[in-house]
Amino acid sequence: MSRDRGPRRLRRLDRSALIAASMTALSLTASGCMVVHGEREVLPASTKAEAAKALQQFTTAYNNADKAYDSSLDAEHVTGALAAIDAARLKAGKANNPDGNAGHTPLKLSDVTYTIPKKAGWPRWFVADAAGNKGGTARWLLVFTRNGLNEPFQVAYLTLVASGNVPKFKKDADGWAEAVPANSAELAAAPEGLSKDYTTYLKSGGDTFADGAYTSQWRTDREKAGKRPGLVTQYIDEPLTSGDYAPLALRTADGGALVFFATHYYAKQTAAPGTSIPVTDDILAVTTGEIKQSLTMEFVSNGVALDPAKGAGDPKVSVLGRIEGMTSAQGS
């Protein structure tokens with residue numbers, strides 16, 4: 001009997017220990033102190049309360065930075081393309097207005113809708129769609145992203161889109177959206193290649209993108225700008241695809257995707273002999289070198305595009321919005 005009772009007792013102890021460990025893990029998870037394999041679990045990127053708090057913190061920091069022309073005041077709340085654009089804007093503002101922004105009007109966002117994808121791995125991210133007191137009737141689309149639980153949500157992409165152009169998103173029974181993999185083959189253009197596709201289109205044209213203000217019209221505007229009397233402008237476009245500039249895509253209700261992506265480009269202006277290059281104080285604030293006959297400016301751009309499902313009736317990608325900023329310049 002002693003041989004029989006020993007194994008049974010051990011089994012009871014093992015079972016009790018397992019139950020106790022499981023209850024402890026459950027308790028810790030519920031209290032927010034422990035996440036098991038968070039990098040592999042398919043989870044919502046945030047709660048709606050967390051998303052609302054992130055938007056409020058960003059807006060407060062953004063307004064403080066704009067009022068003081070001090071990029072250190074919102075540096076923890078921006079990243080990627082928006083961080084590059086924002087930092088250069090504030091640098092120029094500070095150089096020309098050391099006492100701050102006398103014309104500051106606080107940004108106010110209202111009527112906010114949060115679209116939060118459920119996904120595995122990092123980064124985890126969500127989109128806030130809001131009405132703003134700037135930009136007319138356009139909707140403000142802000143993409144918040146973070147790379148770990150101990151990091152704050154930061155805005156990587158900020159674009160303005162006409163209110164009627166924001167698509168409906170695919171959501172599950174609980175209201176969570178679906179993130180589309182960057183290498184998806186289900187779309188007209190894979191999100192990971194959209195930045196390169198766009199820069200190629202701006203240089204050579206093609207059939208990937210639908211006509212519009214940020215595609216065919218921009219190419220026409222560039223062509224005209226490049227041939228002004230006494231001033232030649234040349235453009236070099238390059239994709240931005242890694243790190244905090246990586247594209248992010250949400251599945252739309254029709255099976256396509258809304259893709260946020262970034263690019264940057266150089267615009268070199270060369271003046272004819274006896275003429276000069278027109279510049280502003282904001283340009284001079286981020287320029288190094290002496291402007292003699294040429295000025296090479298670097299711009300960072302973030303855009304948002306509607307990428308249809310492969311095989312859709314209209315297979316062209318539509319760029320819905322784009323915001324850019326000059327980040328540096330070199331005179332020679």
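A cavity here is a set of grid points where a 1.4 Å probe fits but cannot get out. The views below come from a predicted model.

**View 1. A single cavity lined by polar and charged residues.**
The structure holds 1 cavity of 30 Å³ or more. The volume of the largest cavity is about 30 Å³. Its lining is made up of Thr-79, Thr-145, Arg-146, Asn-147, Glu-151, Gln-154 and Asp-244. By class, 4 of the lining residues are polar and 3 are charged, with no nonpolar residue.

**View 2. Thr-145 and its surroundings.**
Thr-145, one of the residues lining the largest cavity, sits in strand S5, residues 139–146. Is Thr-145 buried or exposed? With a relative accessible area of 9%, Thr-145 falls under the 20% cut-off, so it counts as buried. Beyond its neighbours within four places in sequence, Thr-145 touches Thr-79, Pro-123, Arg-124 and Trp-125, among others. Its further contacts include Pro-152, Phe-153, Gln-154 and Ala-156. Two of these partners, Thr-79 and Gln-154, also appear in the cavity lining.

**View 3. Stacked rings of Phe-126 and Phe-144.**
The model has 13 aromatic pairs. In one of them, Phe-126 and Phe-144 are stacked, 4.9 Å centre to centre with 5° between the planes. Phe-126 belongs to strand S4 (residues 124–132) and Phe-144 to strand S5, so the pair ties together parts that are 18 residues apart in sequence. Both Phe-126 and Phe-144 are buried.

**View 4. Stacked rings of Tyr-265 and Phe-299.**
Tyr-265 and Phe-299 also form a stacked aromatic pair. Their ring centres are 4.8 Å apart, and the planes differ by 10°. Which strands does this pair link? Tyr-265 lies in S10 and Phe-299 in S12 (residues 294–307), distant parts of the chain that are 34 residues apart. Tyr-265 is buried, at a relative accessible area of 5%. Phe-299 is buried as well, at 13%.

**View 5. The aromatic cluster around this pair.**
Tyr-265 and Phe-299 belong to a cluster connected by ring pairs. The other members are Tyr-198, Tyr-201, Phe-209, Trp-218, Tyr-235 and Phe-261.

**View 6. The hairpin of S7 and S8.**
Strand S7 (residues 227–228) runs antiparallel to strand S8 (residues 231–240). The two are joined by 2 bridges. Arg-228 has Leu-231 of S8 opposite it. The hairpin leaves 2 residues between the strands. In this hairpin, Gly-230 adopts a positive phi near 80°.

**View 7. S8 against S10.**
Strand S8 also pairs with strand S10 (residues 257–271). This pairing is antiparallel and spans 10 bridges. Asp-237 has Tyr-265 of S10 as its bridge partner. Tyr-265 is also the residue that stacks on Phe-299.

**View 8. The hairpin of S9 and S10.**
How many bridges hold S9 and S10 together? The two strands pair over 4 bridges, in the antiparallel sense. Arg-251 is bridged to Ala-257 in S10. This hairpin has 5 residues between its strands. Gly-255 takes a positive phi near 95° there.

**View 9. The two faces of S9.**
In a regular strand, side chains alternate between the two faces of the sheet. Strand S9 (residues 248–251) is covered on both faces. Leu-248 and Leu-250 are buried on one side. Ala-249 and Arg-251 are buried on the other.

Definitions and conventions
Residues are numbered from 1 along each chain as its sequence is written. This is a predicted model: local features need pLDDT of at least 70, side-chain atom pairs count only at pLDDT 80 or more; totals for chains, interfaces and linings use all residues. Side-chain values use heavy atoms; hydrogens and water are left out. Two strands pair if DSSP finds at least two bridges between them. Buried means under 20% relative accessible area, exposed over 50%, partly exposed in between (1.4 Å probe, protein chains only). Contact means heavy atoms within 4.5 Å. On a 1 Å grid over the protein atoms alone, a cavity is a set of points where a 1.4 Å probe fits but cannot get out, and a pocket is an open set with protein on both sides within 12 Å along at least five of seven lines; lining residues have an atom within 4 Å of a point. Grid points are joined across faces, edges and corners, and a volume is the space filled by probe spheres set on the points. Ala, Val, Leu, Ile, Met, Phe, Trp, Tyr, Cys and Pro count as nonpolar, Asp, Glu, Lys and Arg as charged, and the others, Gly among them, as polar. Rings of Phe, Tyr and Trp (its six-membered ring) pair if their centres lie within 6.5 Å; planes under 30 degrees apart count as stacked, over 60 as edge-to-face and the rest as tilted.
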